[in-house]
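Take a look at the sequence and the coordinates before reading on. A short report follows them.

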Amino acid sequence: MESIVFWGFNLYAWITIATVLTMFTVLLFTKLRADLVFLGAISILFVTGVLSAKEAFSGFSSTSVVIIGVLFVVVAGLTHTGVLQWIVRHLLGQPNSYSKAVIRLMLPVAALSSFLSNTTVVALFVGIVKMWSKKLNISPSKLLIPLSYASGMGGVCTLIGTPPNLIISGLYAENTGQAMNVLATTIPGLFCLCIGVLSIIAMRKLLPDRKAPEAAFESTSDYTVELLVPSDCPQVGKTIAEAGLDDVHGGSLIEILHYDDVTSPVPDDELIMGGDRLVFAGQIDEILDLKKSHGLVNADHMVFTASEVDKSRQLRTAYVNFGSSLINSKIGGSSFERDNNLVLVAVARRGKRIDQSPREVVLQAGDTLLLECPANMNMNTEQLSSQLQFFDSAQVPNIGKKTLISTTIMMAMVVLSALNVIPLLQCAFLAAMAMLIFKCCNVDQAMKSINWEILMVFAGSVVLGVAIQKTGIAERLAFGILDVCGTNPIVVMTAICLVGTFITEFISNTAAGAMFFPIMYQAAEKLGYEPYPFLIALMVSVSSSFATPIGSPTHMLVYGPGGYRFSDFMRIGLLMNFIILFANIFIVNIIYPLTPLNP
């Protein structure tokens with residue numbers, strides 16, 4: 001099979017190319033889980049003989065993937081002891097201008113993201129920034145994009161700050177036998193961060209001024225109404241379905257009160273009795289027509305929040321995730337409410353409530369949903385977290401002695417690794433063990449903190465990189481780039497980083513890092529230079545996705561809360577891509593001058 005060559009690639013190379021293109025197409029245009037897509041790609045490469053068994057499963061034993069898994073436990077210790085909450089509380093302050101607000105926000109976020117999961121940091125800050133923006137009288141949309149950008153740029157500043165850095169540094173160590181220092185990207189990362197902060201301040205007019213989505217829900221009396229069933233009502237004795245109250249025009253029945261007993265969600269076979277109080281949500285003027293059509297009367301009391309009638313249930317806000325199966329569908333046409341024990345009360349889009357029965361709204365990514373849920377409901381179940389993002393359900397831990405302990409453990413891990421006293425992998429394991437020994441988190445919390453889907457994607461990314469390198473694709477692409485760009489190393493470095501920056505707008509930055517590592521490595525060697533500075537520049541580039549909300553999980557986290565449109569990211573993001581690209585190439589070539597390979 002290897003002897004069959006077409007356009008310079010053998011059959012194994014074409015199988016790899018087809019697999020990679022198919023995989024990215026599936027990730028872009030379907031809602032299949034990323035870990036399953038990567039597993040399928042690995043299976044194809046293994047079954048077709050492109051990779052041996054050892055190579056196909058090399059990602060699962062990769063040092064960088066193991067480090068990522070262990071760091072989940074370290075982050076769990078920091079989260080459960082309130083370190084992040086303490087930092088948020090003491091760093092934001094009360095700046096008196098937009099420029100100062102951006103600086104006070106982006107620098108702490110970037111610092112945290114250098115050592116912790118970007119997604120964790122942004123998820124924590126989103127709710128805080130929204131409240132903070134109200135205090136400062138600044139639209140949240142002016143601060144949430146900078147929040148997401150800061151997390152990405154901060155993650156670049158250390159090898160443990162973002163997965164592509166770990167993947168690329170791990171592959172470099174495997175190819176050269178030399179490990180990168182955990183702070184190898186710190187100076188280039190900090191320089192690009194400073195340029196990024198100044199650029200956002202200078203381009204603030206390109207940031208949209210959107211109304212906060214929750215503004216549509218500020219007056220709950222606008223969407224809830226309570227009607228009373230009189231004793232002589234013709235509906236008494238019928239079920240909800242028989243009375244035609246299960247699917248009313250303009251809204252939905254969210255609760256029924258039988259004296260002191262509250263039923264929510266309301267099943268179709270629930271019996272109606274005289275004296276029942278029916279709580280509806282939706283278009284109030286249309287729902288009030290039920291008084292005439294069904295013989296109901298006004299109650300003597302308006303229900304403003306679910307907690308007024310049942311302390312065990314409350315109203316919560318959630319945002320529809322990208323990739324959610326709810327997109328392009330109606331809640332009313334599914335069993336989603338029943339399966340998750342919640343009721344949809346209202347829907348807002350880009351800060352405006354949709355004047356339509358909420359259960360009949362065709363949902364879009366980023367829509368804001370007002371839901372009635374049990375007070376003790378777990379918002380982090382796999383079913384819900386894949387569909388919706390809740391920001392008002394996080395448990396706030398107590399800040400105390402363990403906060404200091406977990407902080408000390410984290411700092412010790414970074415310092416010992418940076419000074420090369422102990423390798424990063426061993427440092428991560430020691431830190432994770434210390435978090436458990438000092439009870440910064442328990443074993444159950446540690447295990448739940450490990451995101452196995454993400455680890456599968458990381459492992460799959462490493463395997464793709466192996467396949468691209470083994471089949472000669474990387475070498476051919478490297479030669480192709482050299483043919484187009486010539487032999488100037490800075491031009492070649494810039495060209496590959498430019499392609500990497502825009503590829504990562506549409507695919508995982510981890511996958512982009514693994515895919516471009518062999519190409520950049522081969523190009524540097526063909527030019528006769530040490531690959532190290534080329535790879536540092538690549539690390540920054542594949543984490544510099546600013547122009548689309550699907551370019552980073554953190555962009556997706558702020559998309560709904562900011563009331564953004566897809567084009568909002570593009571307006572400022574395209575310029576940011578080029579600004580950070582040139583800042584990256586400039587600083588890397590100053591800090592790490594190009595060095596010819598030893599003859």
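The report moves from the whole chain to a strand pair, a helix pair, single residues and cysteines.

**Overall**

This is a predicted model. The protein chain has 599 residues, and buried residues make up 55% of them. Its secondary structure comes to 24 helices and twelve strands. Among contacts in the chain with a separation of 6 or more, 77% join residues 24 or more positions apart.

**An enclosed strand**

Strand S11 covers residues 368–374. Seven of its seven residues are buried, so the rest of the structure largely encloses S11. Its pairing with strand S9 (residues 343–349) is antiparallel and runs over five bridges. One residue pair can be named here: Ala-348 has Thr-368 in S11 as its bridge partner.

**A helix pair**

Two packed helices are described by the angle between their axes and the distance between the axes. For helix H20 (residues 489–503) and helix H21 (residues 509–527), the axes come within 11 Å and cross at roughly 170 degrees. Angles over 145 degrees count as roughly antiparallel, and H20 and H21 are therefore roughly antiparallel to each other.

Which residues of H20 meet H21? The H20 side consists of Pro-489, Val-492, Met-493, Ile-496, Cys-497, Val-499, Gly-500 and Ile-503. The H21 side consists of Ala-512, Met-515, Phe-516, Ile-519, Met-520, Ala-523 and Leu-527. By class, the residues of this contact divide into 14 nonpolar, one polar and no charged.

**Ser-541 and Gly-472**

Ser-541 sits in helix H22 (residues 532–542). Is Ser-541 buried or exposed? At 1% relative accessibility, Ser-541 counts as buried. Leaving aside residues up to four places away in sequence, Ser-541 touches Cys-497, Thr-501, Thr-504, Leu-581 and Asn-584. Cys-497 also appears among the H20 residues that meet H21. Val-499 is another residue of that H20 group. The C-alpha atoms of Ser-541 and Val-499 are separated by 8.9 Å, with their positions 42 residues apart along the chain.

Gly-472 belongs to the loop between helix H18 (452–470) and helix H19 (473–485). This loop residue is buried, with a relative accessible area of 16%. The C-alpha atoms of Gly-472 and Gln-522 are separated by 10.0 Å, and the two residues are 50 apart along the chain.

**Two asparagines with positive phi**

Asn-137 and Asn-328 are both loop residues. The table sets out phi, place and accessibility for each.

| Residue | Phi | Loop between | Relative accessible area |
|---|---|---|---|
| Asn-137 | near 60 degrees | helix H7 (118–136) and helix H8 (141–155) | 73%, exposed |
| Asn-328 | about 65 degrees | strand S8 (313–320) and helix H13 (336–340) | 62%, exposed |

Asn-137 has a positive phi without being a glycine. Asn-328 likewise is not a glycine, and its phi is positive.

**Cysteines**

How many disulfides does a search of the whole structure find? The search finds zero. A disulfide needs two cysteine sulfur atoms within 2.5 Å. For Cys-194, the nearest cysteine sulfur is that of Cys-157, at 8.8 Å, and Cys-194 is in no disulfide. Cys-194 counts as partly exposed, at 44% relative accessibility. Cys-440 is also in no disulfide, and the nearest cysteine sulfur, that of Cys-441, is 6.9 Å away. Cys-440 is buried, with a relative accessible area of 3%.

Note on methods: Residues are numbered from 1 along each chain as its sequence is written. This is a predicted model: local features need pLDDT of at least 70, side-chain atom pairs count only at pLDDT 80 or more; totals for chains, interfaces and linings use all residues. Side-chain values use heavy atoms; hydrogens and water are left out. Buried means under 20% relative accessible area, exposed over 50%, partly exposed in between (1.4 Å probe, protein chains only). Helices (H or I, at least four residues) and strands (E, at least two) are DSSP runs, numbered from the N terminus. Two strands pair if DSSP finds at least two bridges between them. Axes are lines fitted to C-alpha atoms, for helices over the stretch in contact, and angles run from 0 to 180 degrees between N-to-C directions. Angles under 35 degrees count as roughly parallel, over 145 as roughly antiparallel, 65 to 115 as roughly perpendicular and the rest as oblique. Contact means heavy atoms within 4.5 Å. Ala, Val, Leu, Ile, Met, Phe, Trp, Tyr, Cys and Pro count as nonpolar, Asp, Glu, Lys and Arg as charged, and the others, Gly among them, as polar.
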